[in-house]
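Reader: I have this model open at my bench and would like to know how its labels are earned. Could you take me through the reasoning?

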Amino acid sequence: MLTTSASVRFTVWTNAMLTGACDPDTAAHKILGDDVGHHVAGLAGHPEPATLPVALNLLRAAGTTQAHLALPVPGDPIGLAGPPAFNEAALETGEAVVLTGPEIGLVPAYVGPAVQWSVLPATSPLPADFGEADRGLRMALIDAAESLAALEVAKWKPEVADALIDIRKIGRGTGDELAPGYEPRAVRTAATARRCLAIADAALEDDGAAVTGAEADARRRALLGLAAAARRALVAACAPPVHA
């Protein structure tokens, strides 16, 4: 599930480690989450897949200065800057992490309750505009709520309607925290973006009953617009914290 994806955890806790906000062991524990194991394959000078604590120490020693989240989908390669081989792998999975310094990307493969990370050469993306992404998400949320209300989403999927109504209540002790060093605004935006993605995923599972093709298309457009804005906002919120 994207809302709790390994790439989000890997990005924010690696940044926390790199800024000295936590040690590698703590970062590894937080990245692991509820999974049974993570291994990173393809690190320079380490022929065997590395455990998270080992991988994080190796990445720091290799000169990693920042971690960036990528959440690409076909037609919207958010967070990707090449090369093609990395872009293709990240697009197939829908998520990845790009590390500035060694200029490598990590692409996760979920195998049951475990994650296998593959390392590929990658180019660091341009900095995301957090303010623009945050405003875009707020506007997309309003547009989606209005569009879905007009299409009687409450009759089609009442849980989606309730979630849209309640979305302003999230981000207050909900377990949606990022990592030490991230500003409260980024934490709130990430929480909103995660909730919007969960709503869109749930609502896109089916087109509902007794609707015309035009209504189904309109719902889908509204939900895809919300999901796109949420991905961009989440990528921007998880960007390396800026410290004065």
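Reader: What makes strand 3, helix 5, helix 8 and helix 9 part of the lining of the largest pocket?

Author: Happy to help, and please keep in mind that this is a predicted model. A residue counts as lining when it has an atom within 4 Å of a pocket point. Strand 3 (66-70), helix 5 (130-150), helix 8 (184-203) and helix 9 (213-237) each supply at least two such residues. The pocket itself has a volume of about 770 Å³. Of its 34 lining residues, the closest to the centre include Ala 128, Phe 130 and Ala 239.

Reader: How do you know what character the lining of the largest pocket has?

Author: Each residue is sorted by type, with Ala and Phe among the nonpolar ones and Asp among the charged. The lining then divides into 22 nonpolar, seven polar and five charged residues.

Reader: Why are strand 1 and strand 6 said to pair?

Author: Pairing requires at least two bridges. Strand 1 (residues 37-41) and strand 6 (residues 114-121) have five, in the parallel sense, so they qualify. Within this pair, Val 40 stands opposite Trp 117.

Reader: And what makes strand 1 and strand 2 a pair?

Author: Strand 2 (residues 50-51) joins strand 1 over two bridges, in the antiparallel sense. The cut-off is at least two, so this pair qualifies as well. Here His 39 stands opposite Thr 51.

Reader: What share of the protein chain is buried, and what does that word require?

Author: A residue is called buried when its relative accessible area is under 20%. Of the 244 residues in the protein chain, 46% meet that test.

Key:
Residues numbered from 1 in each chain as written. Predicted model: local features only at pLDDT ≥ 70, side-chain atom pairs only at ≥ 80, totals over all residues. Heavy atoms only, no water. 1 Å grid on protein atoms, 1.4 Å probe; cavity = no way out; pocket = protein on both sides within 12 Å on 5 of 7 lines; lining within 4 Å. Points joined across faces, edges and corners; volume = space filled by probe spheres on them. Helix = DSSP H or I, 4+ residues; strand = E, 2+ residues; numbered from the N terminus. Buried < 20%, exposed > 50% of the residue type's maximum accessible area, 1.4 Å probe, protein only.
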